[in-house]
Amino acid sequence: MTSMRKVMILNGPNLDRLGTREPDVYGTLSLQDIEKLCVETATTLKLEVDFRQTNDEATLISWLHEAAETKTFVIMNPAAFTHYSVAIRDAAAMLTAGLIEVHLSNPIAREEFRHTSLISGLATGTISGFGAQSYLLALQALVKL
Ligand code: DQA
């Protein structure tokens with residue numbers, strides 16, 4: 001029996017507000033809509049998706065520990081943590097199965113404080129600026145790795 005390859009899609013703070021949060025920047029889809037799109041795409045790619053969001057740094061760290069222990073591939077939108085959390089970076093450094101960083105917006109085209117990512121240097125790659133599509137592109141990229 002073959003089991004489907006699992007991928008954790010981890011989302012950081014304020015992404016639970018998508019849909020109403022700065023729609024001109026982040027679009028009008030809710031995080032649930034994005035989850036649905038990810039599950040649909042993952043199914044066609046024969047991937048099993050475990051989609052999560054937290055506003056809490058400690059929780060995100062514990063999920064990264066879980067992914068490291070279970071050798072699970074991670075697609076992560078660390079949201080604001082991207083730009084300042086050494087703790088999230090240190091946890092991500094323990095991942096062995098792979099990491100793709102995603103963003104809905106293109107942080108480089110925005111305020112200067114968003115130009116630094118503590119995560120990018122650990123990721124296989126970063127996909128930014130395509131809205132919900134960033135997540136779907138990451139799923140497609142991961143199956144071809
Ligand atoms: C974001 C970009 C970050 O700068 C911001 O703090 C977010 C969302 C994005 O998906 O575009 O919360 O990660």
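The legends below describe several close-up views of one predicted model.

**View 1. Strands β1, β2 and β3 lie side by side, with β1 paired to both of the others.**
Strand β1 covers residues 5-11, and five of its seven residues are buried, which leaves the strand mostly covered. Along β2 the pairing with β1 runs in the parallel sense and takes in seven bridges, while the pairing of β1 with strand β3, made of residues 73-77, is also parallel and takes in five bridges. Val7 can serve as a starting point for reading this view, since Val49 stands opposite Val7 in β2 and Phe73 is the bridge partner of Val7 in β3. Met8, for its part, stands opposite Asp50 in β2. Strand β2 is largely enclosed by the rest of the structure, because five of its seven residues are buried. In general, side chains in a regular strand alternate between the two faces of the sheet.

**View 2. Salt bridges that involve Asp50, Arg52 and Glu66.**
A search of the whole structure finds five salt bridges, and this view shows two of them, both of which involve Arg52. The side chains of Asp50 and Arg52 meet with a distance of 2.7 Å from N to O. Is Asp50 buried or exposed? With a relative accessibility of 18%, Asp50 counts as buried, and Arg52, at 15%, counts as buried too. The side chain of Arg52 also meets that of Glu66 in a salt bridge, here with 2.9 Å from N to O. This second pair links distant parts of the chain, for Arg52 belongs to strand β2 (residues 47-53) whereas Glu66 belongs to helix α3 (residues 57-69), and the two are 14 residues apart. Glu66 counts as partly exposed, with a relative accessibility of 31%. Through salt bridges that share partners, Lys6, Asp50, Arg52 and Glu66 are joined into one network.

**View 3. A salt bridge between Arg110 and Glu111.**
The closest N and O atoms of this pair are 3.9 Å apart, and the cut-off for a salt bridge is 4 Å, so the pair is counted. Glu111 is partly exposed, at 35% relative accessibility. Arg110 also appears in the ligand view, where it is one of the residues that surround the ligand.

**View 4. Two aromatic pairs, one tilted and one edge-to-face.**
How many aromatic pairs does a search of the whole structure find? The search finds two. Phe51 and Tyr135 form a tilted pair, with 6.4 Å from centre to centre and 35° between the planes. Because Phe51 lies in strand β2 and Tyr135 in helix α5 (residues 133-144), this pair ties together parts that are 84 residues apart in sequence. Both Phe51 and Tyr135 are buried. Phe81 and Tyr84 form an edge-to-face pair, with centres 6.0 Å apart and 70° between the planes. In this pair Phe81 is buried, with a relative accessible area of 4%, whereas Tyr84 counts as exposed, at 52% relative accessibility.

**View 5. The ligand and the residues that surround it.**
Among the residues around the ligand are Tyr26, Asn77, Ala79, Ala80, His83, Leu104 and Ser105. Three further residues of this surrounding group, Arg21, His103 and Arg114, can be followed through their side-chain contacts. For Arg21, an N or O atom of the side chain is 3.0 Å from an oxygen atom of the ligand. The corresponding distance from a ligand oxygen atom is 2.8 Å for the side chain of His103 and 2.9 Å for that of Arg114. Of the 320 Å² of accessible area that the ligand has on its own, the protein covers 99%.

**View 6. Two loop residues, Asn14 and Lys46, with positive phi values.**
Most residues other than glycine have a negative phi. Asn14, which is not a glycine, has a positive phi near 75°, and it lies in the loop between β1 and α1. Asn14 is partly exposed, with a relative accessible area of 38%. Lys46, likewise not a glycine, has a positive phi of about 60°. The loop that holds Lys46 runs between α2 and β2, and Lys46 counts as exposed, at 60% relative accessibility.

Conventions:
Residues are numbered from 1 along each chain as its sequence is written. This is a predicted model: local features need pLDDT of at least 70, side-chain atom pairs count only at pLDDT 80 or more; totals for chains, interfaces and linings use all residues. Side-chain values use heavy atoms; hydrogens and water are left out. Buried means under 20% relative accessible area, exposed over 50%, partly exposed in between (1.4 Å probe, protein chains only). Helices (H or I, at least four residues) and strands (E, at least two) are DSSP runs, numbered from the N terminus. Rings of Phe, Tyr and Trp (its six-membered ring) pair if their centres lie within 6.5 Å; planes under 30 degrees apart count as stacked, over 60 as edge-to-face and the rest as tilted. A residue is near a molecule or strand if one of its heavy atoms lies within 4 Å of it. A polar contact is a pair of N or O atoms within 3.5 Å; within protein, one must be able to donate a hydrogen and the other to accept it, and residues adjacent in sequence count only if both atoms are side-chain atoms. Accessible areas come from the Shrake-Rupley method with a 1.4 Å probe; for residues, only the protein chains shown count as cover. Two strands pair if DSSP finds at least two bridges between them.
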